[in-house]
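User: Can you take me through this one and tell me how each label was earned? I'd like the cut-offs as well as the names.

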Amino acid sequence: MTRIVIFDGYTVNPGDNPWSPLAELGELTVFDRSSPEEALERAADAEIALTNKVLLDATVIARAAKLFGIGVLATGVNAVDLQAASARGIPVCNVPSYSTVSVAQHAIALLLELCHRVGLHDASVHAGDWQKSPDFSYCLSSIAELEGKSLGIVGYGAIGRRVAAAARGLGMQVRAAELGHARSSDSEVERLPLDQLFQSSDVITLHCPLTPETKHLVSTARLALMKPTSFLINTARGALIDELALRHALDSGTIAGAALDVLSSEPPRDDNPLLSAKNCVITPHIAWTSLPARKRLLEITVENVRALLSGQPIHVANPDYARATR
């Protein structure tokens, strides 16, 4: 039987999303977590390797002499050295569109949290502050309305479009960045150059992949373009943002607030500058974790593995793999 190894399965299945459909396809070994040293050891006998965030770099791939397929338990494939996989003739298959609804919903939740600071007020009430108040109503922060405000979307794919639909329901005006091969003639949404989008939007929300070109896309210079009343939302990848630059922008009032579900290092180190930044809401990379989304992820992963076993891989992130000789 084909040896299938999952390097970090816990977040996909903490106990409510059984691996049984995948186990039917081969000899399945699931590790909840793997350190870099453990990943190197555990890759040795893998024929199909599945990872979410454990790094499968050139060293790990070279160690896996029997490997003929890699599956990423996510949409983004930055945890895998695609060049090293392609050089070995190994297809890398991702899971597209499984979390679109959940991530878009979380992005809107983060935006509404910045507008209403629900968590702040809930904590205050539970601390007894309402009982002590002389008034029937009190505010610990300003409350923002989104009607008529502009939302700038960086990355107008499936998630970006879903966020756009929700934002329009809130009365917002939606525009998207011109990125890569995006065409300005797209009639669905107005396209603006990236700097112009940052300059003119009341809210910027990030939904693009992390690539060498998009790393630190949110820089000191771009943050300086934003309105002092504007918000920044990130449910994509942490390294899209220069975190020290964002810390300075928040603390200085260059922008009004940020809400993030991702950071450059996860879990964050104690010295991450955003952990103590002003007006910065952070959730622990949970936008994708609804049970329906995780079930879809597993279903598509099973399809990916079945396709790898048949020699006809699908959802391939490195199509140049086929040029290598195995």
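Analyst: Here is how the labels follow from the definitions. This is a predicted model, where local features need pLDDT of at least 70 and side-chain atom pairs count only at pLDDT 80 or more, while totals for chains, interfaces and linings use all residues. Residues are numbered from 1 along each chain as its sequence is written, and side-chain values use heavy atoms, with hydrogens and water left out.

User: What makes β1 and β2 a pair?

Analyst: Two strands pair if DSSP finds at least two bridges between them. Four bridges join β1 (residues 3–6) to β2 (residues 27–30), and the two run parallel. So four bridges satisfy the "at least two" rule. In β2, Thr29 is the bridge partner of Val5. Strands here are DSSP E runs of at least two residues, and helices are H or I runs of at least four, numbered from the N terminus.

User: How do you know that β4 and β5 pair too?

Analyst: They have two bridges, in the parallel sense, so they satisfy "at least two". Ile70 has Val92 in β5 as its bridge partner.

User: Why are β2 and β5 called edges?

Analyst: The open sheet has five strands in the order β2-β1-β3-β4-β5, with parallel pairing. β2 and β5 each have a single partner strand, so one side of each has no neighbour in the sheet.

User: Which β1 residues point which way, and are they buried or exposed?

Analyst: Arg3 and Val5 point one way, Ile4 and Ile6 the other, and all are buried. Buried means under 20% relative accessible area, exposed over 50%, and partly exposed in between (1.4 Å probe, protein chains only).

User: What makes the span of α12 close to the expected one?

Analyst: The expected span is 1.5 Å times one less than the number of residues. With 20 residues (291–310), α12 has an expected 28 Å, and its first and last C-alpha are 29 Å apart, so the two are close. Just after α12, Gly311 takes a positive phi of about 80°.

User: What covers the buried residues of α12?

Analyst: The cover includes β1, β3, β4 and α5 (100–116), where contact means heavy atoms within 4.5 Å. Among the buried residues are Leu297, Thr301 and Leu308.

User: Why is Arg42 said to sit over the ring of Phe31?

Analyst: The rule wants NZ of Lys or CZ of Arg within 6 Å of the ring centre and within 35 degrees of the ring normal. Arg42 lies over the face of Phe31 at 3.8 Å from the ring centre, so the distance fits. Arg33 lies over the face of Tyr10 at 4.7 Å.
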